[in-house]
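Trainee: I am new to this structure, so please choose a single part, look at it closely, and then lead me from there to the rest of the chain.

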Amino acid sequence: MRVIDLSDFDEALRQAAAEIRADRAIVYPTDTVYALGVSAISTQSIGAAYATKGRPEAKPLSLCVADIEQAKTYVHIDARAEKLERAFLPGGLTLVCLSKNVLPPELQAGFPGVGIRVPGHPFGPALCTLLGHPITTTSANVSGMAPATDRASAEAAFANAAEQPSLLIDGGPSPYATPSTVIDLTGPETKLIRAGAIPFSDIERVLAA
């Protein structure tokens with residue numbers, strides 16, 4: 001796995017975009033934990049993500065998007081999502097919204113929703129802007145291991161992986177070092193799927209306001 005840092009942000013974007021366009025996987029920094037990124041619109045790339053992580057294909061993959069406007073091409077953004085976006089995004093929150101079913105079905109793994117993230121770290125959104133489409137933002141680790149939070153743990157996470165990511169973008173230690181909070185907006189009731197960087201009580205307070 002080749003490593004570059006963010007001392008030249010634009011060059012890092014260029015190299016990362018080249019790997020994504022070639023259907024290869026990259027590891028990139030976010031505000032929560034490091035993420036494994038592949039093209040979210042390529043069936044071949046999504047297969048590579050599952051193979052790299054050793055992840056069961058029955059588990060869906062979340063997306064990093066440039067912003068909520070880009071997300072609207074792929075999922076339905078309701079009033080709750082718009083409210084939470086204004087309060088918390090970019091940031092450590094994943095919104096699972098009803099899919100418009102325009103993405104490869106392998107990404108959704110049979111689920112009606114797709115997780116959407118706009119990370120607080122600028123790299124992922126900037127890469128999605130450059131590409132013109134989302135990438136995956138599943139945690140950078142082999143399935144069952146702890147998520148990577150810096151270069152050393154990202155390299156260690158894939159040391160024995162069956163397939164290696166091609167590129168690691170070293171953005172330093174993750175600020176939160178804990179995964180994003182994941183909430184389900186696919187039904188009338190807002191549900192907590194995973195506790196994380198943003199307390200669910202804060203989310204409930206914003207929605208109740």
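Mentor: Pro90 lies in the loop between helix H4 and strand E5 (93-98), where helices (H or I, at least four residues) and strands (E, at least two) are DSSP runs numbered from the N terminus. The peptide bond that leads from Leu89 into Pro90 is cis, with omega near 0 degrees. Most peptide bonds are trans, and most residues other than glycine have a negative phi. The model is a predicted one, in which local features need pLDDT of at least 70 and side-chain atom pairs count only at pLDDT 80 or more, while totals for chains, interfaces and linings use all residues. Residues are numbered from 1 along each chain as its sequence is written, and side-chain values use heavy atoms, with hydrogens and water left out.

On one side of this loop is H4, which covers residues 79-88 and holds Arg80. Arg80 has a relative accessible area of 19% and is buried, a word that stands for under 20%, with exposed meaning over 50% and partly exposed in between (1.4 Å probe, protein chains only). Its side chain is joined to that of Thr190 by a polar contact of 3.2 Å; such a contact is a pair of N or O atoms within 3.5 Å, where within protein one must be able to donate a hydrogen and the other to accept it, and residues adjacent in sequence count only if both atoms are side-chain atoms. Leaving aside residues up to four places away in sequence, Arg80 touches Leu185, Gly187, Pro188, Glu189, Thr190 and Leu207, contact here meaning heavy atoms within 4.5 Å.

On the other side, E5 is followed by a loop that runs to helix H5 (105-108), and Asn101 lies in it. Phi of Asn101 is positive, near 60 degrees, in a residue other than glycine, and Asn101 is exposed at 59% relative accessibility. A positive phi is also found at Asp23, near 65 degrees, in the loop between helix H1 and strand E2. Asp23, however, is partly exposed, with a relative accessible area of 23%.

Asp23 brings us to H1, whose 13 residues reach 18 Å from the first C-alpha to the last, close to the 18 Å expected at 1.5 Å a residue; the expected span is 1.5 Å times one less than the number of residues. Among the buried residues of H1 are Ala12, Leu13, Ala16 and Ile20.

H1 also takes part in ring pairing, and the count of aromatic pairs in the model comes to two. Rings of Phe, Tyr and Trp (its six-membered ring) pair if their centres lie within 6.5 Å, and planes under 30 degrees apart count as stacked, over 60 as edge-to-face and the rest as tilted. Phe9 and Phe123 have ring centres 5.7 Å apart and planes at 75 degrees, so they form an edge-to-face pair. Because Phe9 belongs to H1 (residues 9-21) and Phe123 to helix H6 (residues 123-131), this pair ties together parts 114 residues apart in sequence. Phe9 is partly exposed at 27%, whereas Phe123 is buried at 0%. The rings of Tyr28 and Phe123 have centres 6.5 Å apart and planes at 40 degrees, so this pair is tilted. Tyr28 sits in E2 (residues 26-28), 95 residues from Phe123 in sequence, and is buried at 0% relative accessibility.

E2 in turn belongs to an open sheet of five strands with mixed pairing, in the order E1-E9-E2-E3-E8; two strands pair if DSSP finds at least two bridges between them. E1 and E8 (138-139) stand at the edges with a single partner strand each, so one side of each has no neighbour in the sheet. Strand E1 (residues 2-5) pairs with E9 in the parallel sense over four bridges, and Val3 stands opposite Leu168 in E9. Two bridges join E2 to E9, also in parallel, with Ile26 opposite Leu167. E3 (residues 35-37) pairs with E8 in the antiparallel sense over two bridges. Within E9 (residues 167-170), Leu167 and Ile169 point one way and Leu168 and Asp170 the other, and all are buried.

For the chain as a whole, there are eight helices and eleven strands, and 50% of the 209 residues count as buried.
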